[in-house]
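Biologist: I would like to learn how to read a model of this kind feature by feature, with the general idea set out before each case. Could we begin with the charged side chains?

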Amino acid sequence: MITDGYNNVGMDHQYGDGYMEPEEEWEREGLLDPAWEKQQKKTFTAWCNSHLRKAGTAIDNIEEDFRNGLKLMLLLEVISGETLPKPDRGKMRFHKIANVNKALDFIASKGVKLVSIGAEEIVDGNLKMTLGMIWTIILRFAIQDISVEEMTAKEGLLLWCQRKTAPYKNVNVQNFHLSFKDGLAFCALIHRHRPDLIDYNKLSKDNPLENLNTAFDVAEKYLDIPRMLDPDDLINTPKPDERAIMTYVSCYYHAFQGAQQAETAANRICKVLKVNQENERLMEEYERLASDTDNSLAGVQKKLEEYRTYRRKHKPPRVEQKAKLETNFNTLQTKLRLSNRPAYMPTEGKMVSDIANSWKGLETAEKSFEEWLLSEMMRLERLEHLAQKFKHKADTHEDWTRGKEEMLQSQDFRQCKLNELKALKKKHEAFESDLAAHQDRVEQIAAIAQELNTLEYHDSVSVNARCQRICDQWDRLGALTQRRRQALDDAERILEKIDILHLEFAKRAAPFNNWLDGTREDLVDMFIVHTMEEIQGLIDAHAHFKATLGEADKEYQSIVGLVREVETIVKQHQIPGGLENPYTALTANDLTRKWSDVRQLVPQRDGTLQAELRKQQNNEMLRRQFAEKANAVGPWIERQLDAVTAIGMGLHGTLEDQLHRLKEYEQGVYAYKPHIEELEKIHQAVQEGMIFENRYTQYTMETLRVGWEQLLTSINRNINEVENQILTRDSKGITQEQLNEFRSSFNHFDKNRTGRLAPDEFKSCLVSLGYSIGKDRQGDIDFQRILAVVDPNSTGYVHFDAFLDFMTRESTDTDTAEQVIDSFRILAADKPYILPDELRRELPPDQAEYCIQRMPPYKGVNAVPGALDYMSFSTALYGESDL
């Protein structure tokens with residue numbers, strides 16, 4: 001097992017190109033350099049991700065992400081284009097080892113003999129072994145195939161870099177470490193192939209960081225080469241890692257490989273074409289000379305009066321021309337033979353022997369030239385006239401037909417809408433009329449050509465060819481015209497069909513869409529009901545609506561069917577824009593989406609209505625429960641209030657009897673409280689159910705609460721009043737008859753049975769009891785004084801307790817401050833003060849302490865320590881001092 005590096009790991013290959021020769025291996029010390037290891041880790045990770053991204057994945061940590069073998073197998077499949085065995089999907093260690101072994105077996109199947117790389121080291125995350133394995137993959141799949149003039153891969157890649165960067169200043173590529181530190185080599189490689197990406201003249205050798213960042217950014221953005229190197233690492237490392245730079249440079253080679261192949265192919269083609277062009281030039285020269293010789297004979301024959309000049313001036317150059325013709329022919333044949341091309345065979349009548357025979361005939365013709373020349377001149381004049389006429393008519397016809405075929409073959413109508421197509425049809429009808437009018441000219445051209453042939457015009461070949469072209473074109477125009485007419489008719493029929501479907505869709509889709517919108521609003525509309533009748537009405541209406549859904553579905557299918565029919569026609573005939581409906585912005589998708597919403601909302605509405613029905617049923621039950629209980633509690637409270645009020649009137653029985661009966665009522669009321677509590681529970685459920693009205697009872701919980709509180713208050717008030725009356729009666733010596741008289745008078749003027757009297761009612765009550773109140777101003781003053789006593793808080797009412805207390809004071813002999821002072825003077829033995837010991841001796845302890853705490857110190861003459869002022873204390877008891 002190798003543990004000190006991977007300089008010998010995975011490097012035993014079986015390739016004949018020697019791309020990893022022993023002299024190319026790096027020293028062991030270098031591989032242990034942490035800086036190199038960091039560079040390789042980053043570069044190899046980026047290289048792997050540049051391929052893995054094609055499969056939609058990537059790695060973050062090279063020694064961790066390959067441990068289970070899955071991404072390693074995926075990487076090999078991407079870069080090789082082959083399929084590896086199916087990986088094991090388990091997470092146990094033996095599953096991971098099995099996957100890595102499959103990847104290593106695949107690498108070995110490509111002729112790479114892996115030395116000392118085991119699946120266990122990769123699974124264990126051995127960084128050096130993992131980097132060695134990735135370097136082996138890079139060598140095999142990225143660098144091995146680089147071939148420049150049959151060198152090893154590394155040498156070939158270096159030579160490629162040297163050739164591409166040779167024209168650039170400050171660039172001297174000698175290796176894959178120091179030569180690339182300043183970044184100019186990278187920039188030169190990009191500029192050589194894509195000069196539009198980098199302005200090389202603006203780069204400086206003194207700015208290596210800027211150069212490296214420029215090259216890396218441009219390569220990543222425009223060449224799809226990810227950043228595999230760190231500019232700071234390259235600059236700060238004395239000797240950058242060679243493997244990292246080779247890996248990155250190989251990406252440049254592959255990125256520009258297409259341009260290199262195109263350049264080689266273009267050079268090869270240019271070489272072949274150059275030979276052919278030279279050969280064709282010689283062929284054309286030969287043809288020109290041969291034709292010019294024949295045409296010169298015809299031209300010379302037209303010049304009768306210059307015949308002698310011809311003999312002296314024109315014929316000698318033709319002799320030289322004939323010699324040059326023969327020379328060119330021989331040279332051409334020699335070059336064709338040397339370049340392995342077939343021998344040149346001139347067209348018929350233009351062989352060297354033909355030229356010689358013609359020359360010989362020329363010499364023979366010169367003898368009888370003058371006789372022949374006259375008759376030939378007449379024939380040539382006639383031919384020249386016909387030829388000019390033919391040319392004029394042909395030019396006119398060709399000017400008219402120029403562009404007509406392209407126009408007739410145009411598929412412009414396929415981009416048209418219906419109204420535009422109808423306009424094209426009108427235009428085509430006008431063209432058909434114009435075409436018929438040109439029929440005579442074509443016939444005249446054909447007749448002139450026939451006459452030129454009959455008179456053996458020397459250039460009848462070109463005339464016939466041009467005439468044939470005109471006739472052929474005329475036939476094509478006729479056929480194309482008919483074809484375009486048919487195509488326009490077919491297109492119009494199809495567009496009219498589509499237009500009818502679009503219009504029908506628009507007419508039917510609009511009301512259906514409105515119905516869908518309204519239906520959706522109704523189905524999601526909030527409703528508030530308070531009775532069973534209201535919710536049952538909604539349920540019945542919804543059931544009626546559901547009964548119409550069948551017809552609605554038929555309408556929906558029919559409307560959508562129109563669109564499907566349009567789609568079928570458009571797809572069949574490839575009509576651009578045929579799906580656009582000019583009559584409406586609605587689409588089948590809109591209707592489908594809304595119809596789907598309606599179908600989903602219907603059962604939701606069912607559920608909502610049923611839930612509300614159950615709620616209303618429960619509310620109805622709660623109404624009945626509350627009403628049943630309230631209809632019992634309400635009257636009971638009213639009866640109790642009437643009974644307590646009757647007792648409070650004091651008209652029946654003694655005060656003790658009244659008090660006894662009131663307490664019995666009090667006990668009965670408290671015993672009845674569970675009924676109120678039960679009613680409260682029912683009312684809480686009623687409130688939670690948002691029930692606001694109950695037709696089964698006139699009572700509400702609020703009125704029952706008020707009645708209950710009034711009942712309790714009335715009982716307590718009456719008990720308190722009766723007890724006070726008893727206390728007053730016993731302490732003041734009032735007889736039962738007097739009390740009854742006071743009560744009877746008070747009740748007489750308490751018309752509303754409120755237990756209180758207004759000032760006027762109180763005044764009348766006093767008068768009825770014999771109390772004298774004058775009607776003059778003094779009488780008003782006396783009455784106001786009385787009111788201040790019975791209504792000290794100025795409430796505007798006189799209650800029975802205050803009335804009774806006033807009448808008691810008026811009817812009995814009451815204690816006064818002077819009487820109390822006299823009593824204290826007796827206890828003090830006629831002294832103006834009293835001592836605490838005297839109070840404790842004569843009074844009960846609690847009352848003695850009460851007096852001691854409240855009596856002020858005596859400050860008069862002959863005061864002794866502890867003396868208390870009983871006079872001030874007594875007057876304060878009756879409100880006659882400020883104590």
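Modeller: The model is a predicted one, and a good place to begin is the accessibility of a charged residue: Asp 606 counts as partly exposed because its relative accessibility is 23%, and partly exposed covers the range between 20% and 50%. Its partner is Lys 546, the two side chains meeting in a salt bridge at 3.1 Å, N to O. Lys 546 lies in helix α21 (residues 532–547) and Asp 606 in helix α23, so that the pair, 60 residues apart, links distant parts of the chain. Lys 546 is itself partly exposed, with a relative accessible area of 33%.

Biologist: Which residues are joined into one network by salt bridges that share partners?

Modeller: The members of that network are Lys 422, Lys 425, Glu 429, Glu 432, Arg 485, Asp 489, Glu 492 and Glu 496. In the structure there are 48 salt bridges. One of them joins Glu 565 to Lys 497, with the closest N and O atoms 3.4 Å apart. This pair also links distant parts of the chain, since Glu 565 belongs to helix α22 (residues 549–573) and Lys 497 to helix α20, 68 residues apart. Both count as partly exposed, Glu 565 at 32% relative accessibility and Lys 497 with a relative accessible area of 36%.

Biologist: Is Arg 623 buried or exposed?

Modeller: Arg 623 is buried, because its relative accessible area is 3% and the limit for buried is under 20%. Arg 623 is found in helix α23 (residues 588–648), and, not counting residues up to four places away in sequence, it touches His 530, Gln 616, Ile 691, Glu 693, Asn 694 and Tyr 696.

Biologist: How should a buried polar residue such as Thr 130 be read, and what does its side chain reach?

Modeller: One looks first at accessibility and then at polar partners. Thr 130, placed in helix α7 (residues 127–143), counts as buried at 1% relative accessibility, and its side chain reaches the backbone oxygen of Asn 126 at 2.8 Å. Beyond its neighbours within four places in sequence, Thr 130 is in contact with Ile 62, Glu 63, Phe 66 and Ile 122.

Biologist: Which residues touch the most other members of the largest nonpolar core?

Modeller: That core has 78 residues, and Trp 47, Ile 137, Phe 186 and Tyr 252 touch the most other members. Its largest share, 12 residues, is contributed by α7. A second, separate core of 49 residues has Ile 647, Ile 719, Phe 746 and Leu 769 among its members.

Biologist: Why does the span of helix α26 agree with what should be expected?

Modeller: The idea is to compare a length expected from the residue count with the distance between the ends. Helix α26 (residues 736–749) has 14 residues, which at 1.5 Å a residue should span 20 Å, and its end C-alpha atoms are 20 Å apart, so the two agree. Among the buried residues of α26 are Leu 739, Phe 742, Arg 743, Phe 746 and Phe 749.

Biologist: How many disulfides are there?

Modeller: The count comes to 0 disulfides. Cys 467 is in no disulfide, the nearest cysteine sulfur, that of Cys 471, being 4.1 Å away, whereas a disulfide needs sulfur atoms within 2.5 Å. Cys 467 counts as buried at 11% relative accessibility, as does Cys 161 at 0%.

How values were computed. Residues are numbered from 1 along each chain as its sequence is written. This is a predicted model: local features need pLDDT of at least 70, side-chain atom pairs count only at pLDDT 80 or more; totals for chains, interfaces and linings use all residues. Side-chain values use heavy atoms; hydrogens and water are left out. Helices (H or I, at least four residues) and strands (E, at least two) are DSSP runs, numbered from the N terminus. Buried means under 20% relative accessible area, exposed over 50%, partly exposed in between (1.4 Å probe, protein chains only). A polar contact is a pair of N or O atoms within 3.5 Å; within protein, one must be able to donate a hydrogen and the other to accept it, and residues adjacent in sequence count only if both atoms are side-chain atoms. Contact means heavy atoms within 4.5 Å. The expected span of a helix is 1.5 Å times one less than its number of residues. A nonpolar core is a set of buried Ala, Val, Leu, Ile, Met, Phe, Trp, Tyr and Cys residues joined through side-chain atoms within 4.5 Å. A salt bridge is a side-chain nitrogen of Lys or Arg within 4 Å of a carboxyl oxygen of Asp or Glu.
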